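Thanks for coming. I will take one structure today and walk through it briefly. Please have a look at it first.

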Amino acid sequence: MKKQKVKYNLNVTMSLFLTPAVSLILAYLLLGEVPSIVAILGGIITLIGVTITCNYSTESVWFIF
């Protein structure tokens with residue numbers, strides 16, 4: 001197997017984790033769904049995790065092909 005160093009934009013990759021939080025907000029605004037406490041806490045935890053990862057991660061990723 002060959003190791004290949006692959007650099008990619010971490011911000012774009014981490015933004016995929018924002019999908020649940022954004023869908024929670026859109027469901028409230030567009031459909032009038034009231035989110036549960038667990039859903040709100042999950043969205044907050046997700047936003048905190050994405051913020052921490054995007055601000056403090058500078059490492060590149062190694063893929064083995």
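I will start with the whole chain and then go to one helix and the loop after it.

First, how to read the numbers. This is a predicted model, where local features need pLDDT of at least 70 and side-chain atom pairs count only at pLDDT 80 or more, while totals for chains, interfaces and linings use all residues. Residues are numbered from 1 along each chain as its sequence is written, and side-chain values use heavy atoms, with hydrogens and water left out.

Now the chain. It has 3 helices and 2 strands, in the order β-α-α-α-β along the sequence. Helices and strands here are DSSP runs, numbered from the N terminus: H or I with at least four residues for a helix, E with at least two for a strand. Of the 65 residues, 9% are buried; buried means under 20% relative accessible area, exposed over 50%, and partly exposed in between, using a 1.4 Å probe and protein chains only. The accessible surface comes to about 5,500 Å², and 68% of that belongs to carbon and sulfur atoms. Areas are from the Shrake-Rupley method with a 1.4 Å probe, and for residues only the protein chains shown count as cover.

Next, helix H2, which covers residues 19-31. Its 13 residues should span 18 Å at 1.5 Å a residue, and the end C-alpha atoms are 17 Å apart, which agrees. The expected span is 1.5 Å times one less than the number of residues.

Is Leu29, in this helix, buried or exposed? Leu29 is exposed, because its relative accessibility is 60%. Leu29 also belongs to a nonpolar surface patch of about 880 Å², together with Val22, Ile25, Leu26, Tyr28, Leu30, Leu31 and Val34. Patch residues have over 30% relative accessible area and no salt bridge; like charges are joined within 9 Å, and nonpolar side chains (Val, Leu, Ile, Met, Phe, Trp, Tyr) within 5 Å. A salt bridge is a side-chain nitrogen of Lys or Arg within 4 Å of a carboxyl oxygen of Asp or Glu.

After H2 comes Gly32, with a positive phi near 75°. Glu33 is in the loop between H2 and H3, and is partly exposed at 47%. Pro35 lies in that loop too, ahead of helix H3 (37-56), and is partly exposed at 23%.

What does Pro35 contact, leaving aside neighbours within four places in sequence? Pro35 is in contact with Leu24, Tyr28 and Ile40, contact meaning heavy atoms within 4.5 Å.
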